[in-house]
Every structure is written in C-alpha cells, then in structure tokens.
There are 2 protein chains.
Amino acid sequence: MEQITVIKIGGNVIDNEEVLDGFLARFAAIEGKKILVHGGGKLASRLQRELGQEVQMIDGRRVTDRQTLDVVTMVYAGLVNKQIVAKLQAAGCNAIGLSGTDGNIIRAHRRVAKPIDYGFVGDIDEVDATMLRSLLEAGLTPVFSAIMHDGAGTLLNCNADSVTQAVALGAARLAPTDLVFCFEKKGVLRDAEDESSVIERITPESYATLKAEGIVSGGMIPKIENALRAVEEGVRTVRIKHADDLLCEAGTTICNA
Amino acid sequence: MEQITVIKIGGNVIDNEEVLDGFLARFAAIEGKKILVHGGGKLASRLQRELGQEVQMIDGRRVTDRQTLDVVTMVYAGLVNKQIVAKLQAAGCNAIGLSGTDGNIIRAHRRVAKPIDYGFVGDIDEVDATMLRSLLEAGLTPVFSAIMHDGAGTLLNCNADSVTQAVALGAARLAPTDLVFCFEKKGVLRDAEDESSVIERITPESYATLKAEGIVSGGMIPKIENALRAVEEGVRTVRIKHADDLLCEAGTTICNA
C-alpha cells in the first residue's frame, strides 16, 4: 500500500448534521487508503439524560457502569457508526463500520479500578494489522467507534483519541501513515484568541520551547505529547486541523523533524 | 467452500441472557462456514417505552418513524449486535457484526407508503455474494442485524426473517447452503399442543396436503411458504427447530424432495 490516512472526528463534527455531511463529502474525496475513527459523547450524554441516568465524567472520561455501557454501545457502535457508514456509502466510499470486537480487530483490557473506578472503561492492547490490511485490500474503508472488547465477552468504552492513535500505529506497520485529528480550531495556536496564529510545525525540539514558554498549555499538552509519541513510534505525521480544512494544507503538523 | 449454514435467532433467544449464551456456545461449535442473523424487537420496544415513544405495530411489523429508526439502529446494530459478537469472540468464533450498509453488503429500498406507511421500513434488493465470500474466506463469521440502507444515505428497518432468507440465497451462490430458523417450538407441529408431534420433512407436495388439511395454519403459513421459496431458489434445506437443538438432527426440514 502506498499510504494510509487515519482521521479522527469528535463531537464538534458529529453533533451537527450539516457539518457532518460536509466533512463526510470531503473524507470520501480523499484519495488512497483511509480510516475514520469517531466519538459521539454528546449524543450519548443526551440519551443518558433522556433515560434518567446520571452522566458522570471524571477528567473528561465517562464513568461507565452497566447501563452507561449499554448507552454508549448503542450510540457509538449503533446510531453514529451506521449513520456515518450509510452517508459514506451514498458518497461512493465503500465504508465498513467496526467496533474493536468485530473480527477481533482491536483488543483492550478493563482499566484497573484504582485510584478511580471508571467501570467498563478500557485501554487498548493491540490492533490486528493483518485484519486491517485484509479490509483495506478488499477496497473497504474502516469506520471505527471506540467500543472495544476484552476478548472474554465484555465490551469496553475506550477513549476515541487513544483508539485513533492505536489504529494509526497499526496502519503504520502496513504503509506510511498520516494521522489527522479534526479539531474545533484551525490548529495549535500561538495565541488562543487568534485563529490566524496557527503553529505550522511542531517537532520534539520546538515543543520543548513552546511548553517552556507557556505557549501550549492545558488540554493541548496531552494532545501534542500523544502526537509526538505517535510519530516517535512510527506514524509519519500527525496533523491537528479544522474539519473544514481536511482537503487543504492547513493546521499544525507534528513530525519528527 | 464446502457448505454454509445460515442461522436466524429472534427474541425468544436474545431476550434471555442465559438462553443466548447457551445458543452462542452451540453456534460457535458448528463446523464450517456460518452466518448469524438476529432480531431484537423486544429490546427495541422496551427502549422505545423508556423514551416515552409509542410502539406501533401493524401485522407484526414496526411502524418506523425517524425516532423509531434511531432506536432500532441503536438496539439492533449497536447493543445486540456487538454483545453477540463479543460473546462469540470469547467462544473462539471470529465474528464480525454487520448491518447491510457495512461494505454495502445488502441493499434495500424503502417500502412504498401504500396501503400502509411503515415509515423507514425497507425490503431487500440484493446481497453482495462477492463481499460475503471475501469475509468468509478471511475466516470471519458475519453476524447481521436487520438494519439495511438504500444506498442514498438512509438507513432502513427490515424484517430479520427476510434478511436471513436473502443472505441464504446470496450464500447459496457460493456453496451449498442450509438455513436454520431457531424457533420457540421443536419444529412445525402436527398438533400445536404436542411438542412430540414434529413434522420431520416438508416438501412442496406434502405442504399442499398439510395446508389443505388445516394442519399448518396462521403464522406458520408464511414461514413455510418463504422456506419453500428459498429451497426453490437454491437453498439446499431450511430447518425450523428449537435453539436448544441447534447441534442435533431435530426439527422440521423443508426441502425440494
């Protein structure tokens, strides 16, 4: 395979049908092999509230008891996943919706209940790159929800960014792989108030300076550090860009040098 | 391929976790290529009621407005499908959960709104036997929900028995195919009150007599007539049997002669 593009979309794209449709048209137009990973957290929270369940988040992660697991499985692996796949099919992209348990393609394990018991929340163990290759070679475009399994019959709610990163590392074993995180801003900004202040390129060296100077802070720190880890482990580039800019050279590129 | 077994389970198996687990252990033990199709209607009705939606059935078919479509997509393609796949994976069966839109494997069209407007309800057009072969040859066991699509971006709620029949006809183009409908009784009974009165074999000739004598009636008539159509169109045998009897020679076999 020549190359693979792995793209993550979150709530800012999924929750607005017009934005989602625009994004999927652009995604369908990307040439070459590609993989989509999606979230769906806001829809899950809405359904939880409609069912009278309490939505409990700790550090941005959903505490997932049995009822919550059923809701996220329904919303992520069912509603959001199949709607995206149907729309991609309509756009001429031969998508296949998958959770980690399908074809045992991604295995996870339940997170240890200390210091916080997140319930049925998992961390990724490994992606079956051989299965990924079979699907891509069959002309299919995998669309992943973040519902994984432990191999012993239990589904697990995983972080979609972590799933994306694991899928990209699996893809990188097959072909040069670029990972794109679709973001609500144009990229990593020098000045949070100024959308024109996008930092074009971040390398391990420049990141050290940016962090020391306090230019990147808060929620961007784990995002960039995970991206740097991905490029260190074999992903060619990680881009953080706005979903509208999917087809153009824009956003922040994180790479080794 | 030597042969393919296509099996349908409905609410009587799905709605009881113990029964489902027993069934899935037996399903995993079936040798050779196999495909599972599942319903999930009772769970969908329960979720509809929890969400304050009205459950509207006409002639046993669910009237499917936009809200109902979201519910059945969540329950069938999400919760039930992924739970079954995770349990099969735990039993050593490399299952992959699919709706018709995944890989565009089954295409349907929305049913004409006259005389009854069922909403987002579809009838099957065709099954992509080539895609089915790719999955089976990759060692995967497809597990289908009855959520299909029209190819233009709209999901459709289809009848799981009809999906099963279409999948079996697609499979029959690849290899000799046996279809099994798991039923709440031991098979087609001569005497509805007597579980030991199973009719072992029904052919087009014997069916004419059974129907004329009033031995089969009511809901069994469309079941048997659909089965006879399936064998006429290329399925080797159709069996109607109890889920507990999956691995033994039991139940009613419908065949050409």
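Biologist: In this predicted model, how many residues of chain A are in contact with chain B?

Modeller: In the predicted model, 34 residues of chain A are in contact with 34 residues of chain B. On the side of chain A that touches chain B, helix H4 (66–90), strand S5 (95–98) and strand S9 (147–149) each supply at least two residues, and the largest share, 14 residues, comes from H4(A). Sorted by class, that side of chain A has 14 nonpolar, 15 polar and five charged residues.

Biologist: By what turn and shift can chain A be laid on chain B?

Modeller: A turn of 180° with a shift of 0.0 Å along the axis lays chain A on chain B with an RMSD of 0.0 Å, and the two copies are thus related as by a two-fold rotation axis. The same surface serves both copies, since 100% of the contact residues of chain A recur in chain B.

Biologist: Which residue of chain A comes closest to the rotation axis?

Modeller: That residue is A:Gly78, whose C-alpha lies at 1.8 Å from the rotation axis.

Biologist: How are two packed helices described?

Modeller: The description uses the angle between their axes and the distance between the axes. Here, helix H2 (residues 17–29) of chain A packs with H4(A) at an angle of about 55°, and their axes are 10 Å apart. Angles between 35 and 65 degrees count as oblique, and H2(A) and H4(A) are therefore oblique to each other.

Biologist: Which residues make the contact of H2(A) with H4(A)?

Modeller: H2(A) contributes A:Asp21, A:Leu24 and A:Ala28, while H4(A) contributes A:Ile84, A:Lys87 and A:Leu88; by class, these residues divide into four nonpolar, no polar and two charged.

Technical notes. Residues numbered from 1 in each chain as written. Chains lettered and ligands numbered in written order. Predicted model: local features only at pLDDT ≥ 70, side-chain atom pairs only at ≥ 80, totals over all residues. Contact = placed C-beta atoms within 7 Å. Helix = DSSP H or I, 4+ residues; strand = E, 2+ residues; numbered from the N terminus. Nonpolar A, V, L, I, M, F, W, Y, C, P; charged D, E, K, R; others polar. Axes fitted to C-alpha atoms, helices over the stretch in contact; angles between N-to-C directions. Parallel < 35°, antiparallel > 145°, perpendicular 65-115°, else oblique. Least-squares fit on C-alpha atoms with pLDDT ≥ 70 in both.
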